[in-house]
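Biologist: Could you examine one strand of this model closely, residue by residue, and then follow its surroundings outward? Please state the criteria behind each term as you use it.

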Amino acid sequence: MASLPTNPVAHFVVPSLTPKTPSSIKLPFLSKSSNSQFLGAQICVRISPTSVPSSSSFKFAISSKVNKGQAPPAFTLKDQDGRNVSLSKFKGKPVVVYFYPADETPGCTKQACAFRDSYEKFKKAGAAVVGISGDDSSSHKAFAKKYRLPFTLLSDEGNKVRKEWGVPADLFGTLPGRQTYVLDKNGIVQLIYNNQFQPEKHIDETLKLLQSL
């Protein structure tokens with residue numbers, strides 16, 4: 001059996017983002033095992049002018065149509081009891097509007113229960129709390145009953161309001177995003193907070209702002 005070359009070269013073809021003349025880059029590859037026959041091997045990366053989408057197609061951005069200092073789009077949605085609730089109903093006092101992915105998911109349950117546990121603090125600050133997701137009213141009703149949620153949950157089926165407000169999806173675009181807005185008594189946004197993976201932080205940040213209003 002033929003022995004391996006003392007300095008083998010492995011070739012990998014990598015598509016280039018720009019159609020330039022092919023070239024090679026040699027990188028050292030060191031095995032952790034002293035018995036490996038590939039000790040000191042080199043990897044030769046060949047840059048090929050294969051046509052691929054431009055680098056601009058790989059860009060992504062988290063943007064919001066609603067910005068601090070603006071009045072967000074009005075809405076009327078059904079609550080957990082099937083009643084219509086309009087954003088204008090809360091005019092004259094601060095309101096916390098938080099968008100969350102779905103009822104009964106671990107992060108959303110944790111967030112809802114954190115709002116519940118701090119609800120008296122929100123009341124003391126004179127603020128209403130409103131949760132919004134794409135679940136229907138019956139799902140919200142069961143969710144609110146199970147976890148004894150004392151605040152309003154609104155059903156944004158089809159995610160129309162979420163889109164109008166420009167709530168971003170999570171990093172991978174697989175789930176609706178988790179974003180919280182604090183509106184002052186005049187209906188103007190004073191805080192936008194986004195944290196998909198630490199839902200309890202939404203409560204801390206909103207209370208901090210409400211106590212300063």
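Modeller: Leu-154 is the residue of β8 that acts as bridge partner to Asp-79. The model is a predicted one, in which local features need pLDDT of at least 70, side-chain atom pairs count only at pLDDT 80 or more, and totals for chains, interfaces and linings use all residues. Residues are numbered from 1 along each chain as its sequence is written, and side-chain values use heavy atoms, with hydrogens and water left out.

Strand β8 covers residues 152–155; strands (E, at least two residues) and helices (H or I, at least four) are DSSP runs, numbered from the N terminus. β8 runs antiparallel to strand β4 (residues 76–79), to which two bridges join it; strands are said to pair if DSSP finds at least two bridges between them. With β7, by contrast, β8 pairs in the parallel sense, over four bridges. There Ser-155 in β8 has Ser-133 opposite it.

In a regular strand the side chains alternate between the two faces of the sheet. In β8 both faces are covered, with Thr-152 and Leu-154 buried on one side, and Leu-153 and Ser-155 buried on the other. Buried here means under 20% relative accessible area, exposed over 50%, and partly exposed in between (1.4 Å probe, protein chains only).

Asp-79, the partner of Leu-154, is itself buried because its relative accessibility is 5%. Its side chain meets that of Arg-83 in a salt bridge of 3.3 Å, N to O, the term denoting a side-chain nitrogen of Lys or Arg within 4 Å of a carboxyl oxygen of Asp or Glu. Arg-83, at 51% relative accessibility, counts as exposed. Both residues belong to a salt-bridge network that also links Asp-81 and Lys-141. The structure holds seven salt bridges.

Another of these salt bridges joins Lys-123 to Glu-120, with the closest N and O atoms 3.9 Å apart. Both residues lie in helix α2, three residues apart, or about one turn of the helix. Lys-123 is partly exposed, at a relative accessible area of 45%, whereas Glu-120 is exposed, at 56%.

From β7 and α2 the path leads to α1. Elements covering the buried residues of α1 include β7 (128–133), α2 (119–124), α3 (137–147) and α5, contact meaning heavy atoms within 4.5 Å. Among those buried residues are Cys-108, Thr-109, Ala-112 and Cys-113. The end C-alpha atoms of α1 are 16 Å apart, which agrees with the 16 Å expected for its twelve residues, the expected span being 1.5 Å times one less than the number of residues.

The axes of α1 (residues 106–117) and α5 (residues 201–210) come within 8 Å and cross at roughly 35 degrees; axes are lines fitted to C-alpha atoms, for helices over the stretch in contact, and angles run from 0 to 180 degrees between N-to-C directions. At this contact, Gln-111, Ala-114 and Phe-115 of α1 meet His-202, Ile-203 and Thr-206 of α5.
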